[in-house]
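User: Hey, I've got a new structure open and I don't know my way around it yet. Can you walk me through it?

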Amino acid sequence: MSLNMYQTKEIEIEGEIYNLKKFKALTGLAVQKEIHEAGLFTEDGINVMALTPEQIFKIISNGCSKGSMAFDTKTFDSHFAGRYMMIYQLVAEILMYNFADPNAEAVTEE
């Protein structure tokens, strides 16, 4: 089993620390398919504000944690109540972490 499966990346959004994690393969494929079929790809990337609440929850619950706390519907609802821009920022970070081309990142860094 590859160690990449267990890789995480720590990020901070609005003073909160989140641990991004790689999607399991079937989850990642399903998320990509849903985004593609919904036509959410733009020239600038994925239009995260056009995702459904169910898609957003799927992405966050499978793609990050806050410390040792995983997000189920109860913790998601209470933690993100009234923090909608934070949700969109976190979703964008999770999608970039899971789907960005690692070679593209190396080219853009100076």
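Analyst: Sure, we can start with the overall layout and then go through some of the details. One thing up front: this is a predicted model.

User: Good to know. How many helices and strands does the protein have?

Analyst: There are five helices and six strands. Going along the sequence, they come in the order β-β-α-β-β-α-β-β-α-α-α.

User: And what share of the residues is buried?

Analyst: Of the 110 residues in the protein, 33% are buried. The exposed surface comes to about 7400 Å², with carbon and sulfur atoms supplying 55% of it.

User: What about contacts between residues far apart in the sequence?

Analyst: Take the contacts between residues at least 6 apart in sequence: 63% of those join residues at least 24 apart.

User: OK, on to the strands. How do β1 and β2 run, parallel or antiparallel?

Analyst: Antiparallel. β1 covers residues 8-13, β2 covers residues 16-21, and six bridges join them. For instance, Thr8 has Lys21 in β2 as its bridge partner.

User: What sits between those two strands?

Analyst: Two residues, so to speak the turn of a hairpin formed by β1 and β2. Glu14 is in that turn, and its phi is positive, about 50 degrees.

User: Which other strand pairs with β2?

Analyst: Strand β5, residues 64-66, pairs with β2 in the antiparallel sense over two bridges. There, Leu20 has Cys64 in β5 as its bridge partner.

User: Let's switch to helix α3. Which of its residues are buried?

Analyst: In α3, which spans residues 73-80, the buried ones are Thr75, Phe76, His79 and Phe80. They sit on the same side of the helix, because they cover an arc of only 100 degrees around the axis.

User: Why would residues spaced like that line up?

Analyst: An α-helix has 3.6 residues a turn, so residues three or four places apart point the same way.

User: Makes sense. What's on the face turned away from the buried side of α3?

Analyst: That face carries Thr73, Lys74, Asp77 and Ser78, which are exposed.

User: And what do the buried residues of α3 pack against?

Analyst: They pack against β2, α2 (53-63), β5, β6 (69-70) and α4 (84-99).

User: Anything at the ends of α3?

Analyst: Asp72 caps the N-terminal end, with a side-chain oxygen 3.2 Å from the backbone nitrogen of Lys74. Just after the helix comes Gly82, where phi is positive at about 75 degrees.

User: New topic: aromatics. How many aromatic pairs are there in the whole structure?

Analyst: A search of the whole structure finds six. One of them is Tyr18 with Phe71, a tilted pair at 6.5 Å centre to centre with 35 degrees between the planes.

User: Where do Tyr18 and Phe71 lie?

Analyst: Tyr18 is in strand β2 and Phe71 is in the loop between β6 and α3, so their pair ties together parts that are 53 residues apart in sequence.

User: Are those two buried or exposed?

Analyst: Tyr18 counts as buried because its relative accessibility is 0%. Phe71 also counts as buried, at 5% relative accessibility.

User: What about the rings of Phe71 and Phe80?

Analyst: Their centres are 5.2 Å apart and their planes meet at 40 degrees, so that pair is tilted. Both Phe71 and Phe80 are buried.

User: Which residues do the ring pairs link into a cluster?

Analyst: The cluster is made up of Tyr18, Phe57, Phe71, Phe76 and Phe80. Two of those names came up earlier: Phe76 and Phe80 are among the buried residues of α3.

Conventions. Residues are numbered from 1 along each chain as its sequence is written. This is a predicted model: local features need pLDDT of at least 70, side-chain atom pairs count only at pLDDT 80 or more; totals for chains, interfaces and linings use all residues. Side-chain values use heavy atoms; hydrogens and water are left out. Two strands pair if DSSP finds at least two bridges between them. Helices (H or I, at least four residues) and strands (E, at least two) are DSSP runs, numbered from the N terminus. Buried means under 20% relative accessible area, exposed over 50%, partly exposed in between (1.4 Å probe, protein chains only). The arc is that of the directions from the helix axis to the C-beta atoms. Contact means heavy atoms within 4.5 Å. A polar contact is a pair of N or O atoms within 3.5 Å; within protein, one must be able to donate a hydrogen and the other to accept it, and residues adjacent in sequence count only if both atoms are side-chain atoms. Accessible areas come from the Shrake-Rupley method with a 1.4 Å probe; for residues, only the protein chains shown count as cover. Rings of Phe, Tyr and Trp (its six-membered ring) pair if their centres lie within 6.5 Å; planes under 30 degrees apart count as stacked, over 60 as edge-to-face and the rest as tilted.
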